[in-house]
Amino acid sequence: MKKLFFALVAVFALVVVASCDDTETYAEQRDRENSAIQRFIRDSSITVINESQFREQGNTTNLENNEYVLMQNSGVYMQIVREGCGSPIRDGETTTVLCRFTERNLLTDSIQLTNQTLAFASIPEKMSVTNTSGTFTASFDATSSLMYTFYGQSTSVPSGWLVPFSYINVGRQSPADNREIAKVNLIVPSTQGHQYASSSVYPCFYTITYEKGR
């Protein structure tokens, strides 16, 4: 396991270096990032809808049309694959949420990190999420977090990961409930990502499931 871990760290370091060009200005890096996002949208045949249309559709995205809603305040593109079982996190509530995810760097078009492999399948991201009047904050459990292990420095959850909480349920699937746990696809710009994405200015595509912890 340790050999696998350090091999992954080495690959990750190469990816980060490859995605960063010190000769570029920040404006040029943002232009490159935006181009990568638009290219991904085009190549993936994504239909982008605005928030007004999203609300008119009952806060849903049409999967047959491969719809993503652009959240103007954050620049995050979100597709709700499954609203999920259970219920939304209530105002004033703090709860444990377990996540399984795959992270793709859109500049290098490569999977950068995932806990959906045999090596890490038993280690979901564990985070504490709080809803304060509709504003969500969250932190990773540093003792069992692949994100924290790789990106370090802070246990803060990337802001882009928190966008779906206003629109999904967080529960645990049971035999009595035919609905599965919540699942979303996200295009997250660097300004809403983790510190490496922010400092190196690259966007990520995430597939994430959200499940209520015990």
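The lining of the largest cavity divides by class into 5 nonpolar and 5 polar residues, with no charged residues among them. The model in which this cavity is found is a predicted one, and a search of the whole structure finds 1 cavity of 30 Å³ or more, the space within the largest cavity coming to about 60 Å³. The residues that line the largest cavity are F140, M147, Y148, Y151, G152, S154, S156, P158, H194 and Q195. Helix α4, which spans residues 146-151, gives the most to this lining, with 3 residues.

Rolling a probe the size of a water molecule over the atoms shows where empty space is left. Besides the enclosed space there are pockets to consider, and the largest pocket holds about 290 Å³ of space. Its lining is made of 14 residues, of which S74, S159, L162, V163 and S166 are the closest to the centre of the pocket. Two elements, strand β7 (135-140) and helix α5 (159-162), each supply at least two residues of the lining of the largest pocket. By class, the lining of the largest pocket has 5 nonpolar, 8 polar and 1 charged residues, whereas the lining of the largest cavity has no charged residues.

These spaces belong to a protein chain whose secondary structure comes to 6 helices and 9 strands. Of the 214 residues in the chain, 44% are buried, and the chain exposes about 10,800 Å², of which carbon and sulfur atoms supply 50%. When contacts are restricted to residues at least 6 apart in sequence, 64% of them join residues at least 24 apart.

From the empty spaces we can turn to the packed interior. In soluble globular proteins, nonpolar side chains tend to be buried together. In this chain the largest nonpolar core has 39 residues, and the members that touch the most other members are M127, W161, F165 and Y210. F165 offers a view of how sequence-distant residues meet: leaving aside residues up to four places away in sequence, F165 touches I89, V97, M127, V129, F136, V170 and Y210. Apart from the largest core lies another core, of 10 residues, which includes I41, Y68, L70 and I187.

Residues 159-162, which form helix α5, offer a place to view pocket and core together, for S159 and L162 are among the lining residues closest to the centre of the largest pocket, while W161 is one of the residues that touch the most other members of the largest nonpolar core.

Key
Residues are numbered from 1 along each chain as its sequence is written. This is a predicted model: local features need pLDDT of at least 70, side-chain atom pairs count only at pLDDT 80 or more; totals for chains, interfaces and linings use all residues. Side-chain values use heavy atoms; hydrogens and water are left out. On a 1 Å grid over the protein atoms alone, a cavity is a set of points where a 1.4 Å probe fits but cannot get out, and a pocket is an open set with protein on both sides within 12 Å along at least five of seven lines; lining residues have an atom within 4 Å of a point. Grid points are joined across faces, edges and corners, and a volume is the space filled by probe spheres set on the points. Helices (H or I, at least four residues) and strands (E, at least two) are DSSP runs, numbered from the N terminus. Ala, Val, Leu, Ile, Met, Phe, Trp, Tyr, Cys and Pro count as nonpolar, Asp, Glu, Lys and Arg as charged, and the others, Gly among them, as polar. Buried means under 20% relative accessible area, exposed over 50%, partly exposed in between (1.4 Å probe, protein chains only). Contact means heavy atoms within 4.5 Å. Accessible areas come from the Shrake-Rupley method with a 1.4 Å probe; for residues, only the protein chains shown count as cover. A nonpolar core is a set of buried Ala, Val, Leu, Ile, Met, Phe, Trp, Tyr and Cys residues joined through side-chain atoms within 4.5 Å.
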